[in-house]
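Open the model in your viewer and keep the sequence panel beside it. The tour begins at one residue and then moves out to the whole chain.

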Amino acid sequence: MTIDIAGLPREHTVFEISPLAELGVALHALSTPGHHPGLHGWVTATTAGLCPDLADRLHEAEFLWQTTHSDVLLPFAGLSASPGRPGATLAEELDLVDRLDDERFAGAALDFTCGTSYGKGGDVLGDPVYRDRTLALAAARGPQVLAAARQLLEDLPAFRAWLRRFLEDCDEAFFADAWRRVAPQLAADARHKAEILRHKGLAEALHAVSPAVSVDEGLTRITVDKLISGRTTAVDPAVGTGLTLVPSTFGWPHLLVLQAPGWRPVIHYPVGGPEFTGPGSVELLKLRMEALAHPMRIQLCRNLARTPYTTSELAEAHGITAPEVSRHLAVLKKAGVITTRRRGRYVLHQLDVAVVARLGSDFLEAVLR
């Protein structure tokens, strides 16, 4: 996923905190607690404290944050007159949501979550094909989601008012307390990252955001290492020039990128979670999994996991030639799953058990990132 930044002034890259964005990922954590094992205690306590009516409404609107994070929850990015800064309070950000025109609101709510063509625009509210497709996808998620999607399409003003009341009720029920607790940490992180940007440059600031975010040497393109692909620009006079980075405490392990055409790009990044211990790129993860998937290499790893072996020993043990063993070892070495050391005239190979043991968590981190 790439963001074009050629010619973007440094001062147009800003770090900001957003109560509405944080509420969105908090709601996601409540809907999909398996993604957030570190929040188990908070999710359990919060869910137990929800009144039945609020819990029902949470299920009705969860298509906005369960599978993906709707752009509606980052409204400042969709307003051309916006300076790229969220509101200081949840109420101010809900006012920004109210300022989104109906077509943009509906497109962001449905195209991203239920829909088929993220960011392609078009007559979302008037296209019967899009409507039928949206309702079919919503129906697959249950009657409550279908009812909410149908209301959005048939009576958008009522849905917008319903959604605002729901978010306000969430704030009163549990989020206001959570925001008071996490806001100082988020503000401190945003200030710290802004200082890195100011004194050490964009590359260092992005690396501090996440090892999965980088910029090319010419400072023309930011790359976010995710399993999905997409491209947007931070230099678009029609919608304003700039990039906003928003920290989150509830978001880990998700690294979210708003990349819809006509919206200011936003990177919503996690703070306070575990350090990235796995491979720095999705490509390396794929390389390791493919290397270990071959039947003969699995057999070789059975030996290499126990003790170091030479190529000749492995060839004799498995009844294949030494050159064949060498080719398999070269694949495993390129993937970084074996280590090699010399003892006199012998070269010994051994499985890096720690690397292989991390593959499960590396895989989950990559697909959830």
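Leaving aside its neighbours within four places in sequence, which residues is Gln 144 in contact with? Select Gln 144 together with Asp 56, His 59 and Glu 60: these three are its contacts once those neighbours are set aside, contact meaning heavy atoms within 4.5 Å.

This is a predicted model, in which local features need pLDDT of at least 70 and side-chain atom pairs count only at pLDDT 80 or more, while totals for chains, interfaces and linings use all residues. Residues are numbered from 1 along each chain as its sequence is written, and side-chain values use heavy atoms, with hydrogens and water left out.

Next, select residues 143-154. This is helix α7, and Gln 144 lies in it; helices are DSSP runs of H or I with at least four residues, strands are runs of E with at least two, and both are numbered from the N terminus. Gln 144 counts as partly exposed because its relative accessibility is 32%, where buried means under 20%, exposed over 50% and partly exposed in between (1.4 Å probe, protein chains only).

Now add Ser 312 and draw a C-alpha to C-alpha distance from Gln 144. The two residues are 64 Å apart in space and 168 residues apart in sequence.

Zoom out to the protein chain and switch to cartoon. The chain has 15 helices and 10 strands, and its C-alpha trace spans about 75 × 50 × 40 Å along the principal axes. Colour by accessibility: of the 369 residues, 49% are buried. Among contacts between residues at least 6 apart in sequence, 68% join residues at least 24 apart.
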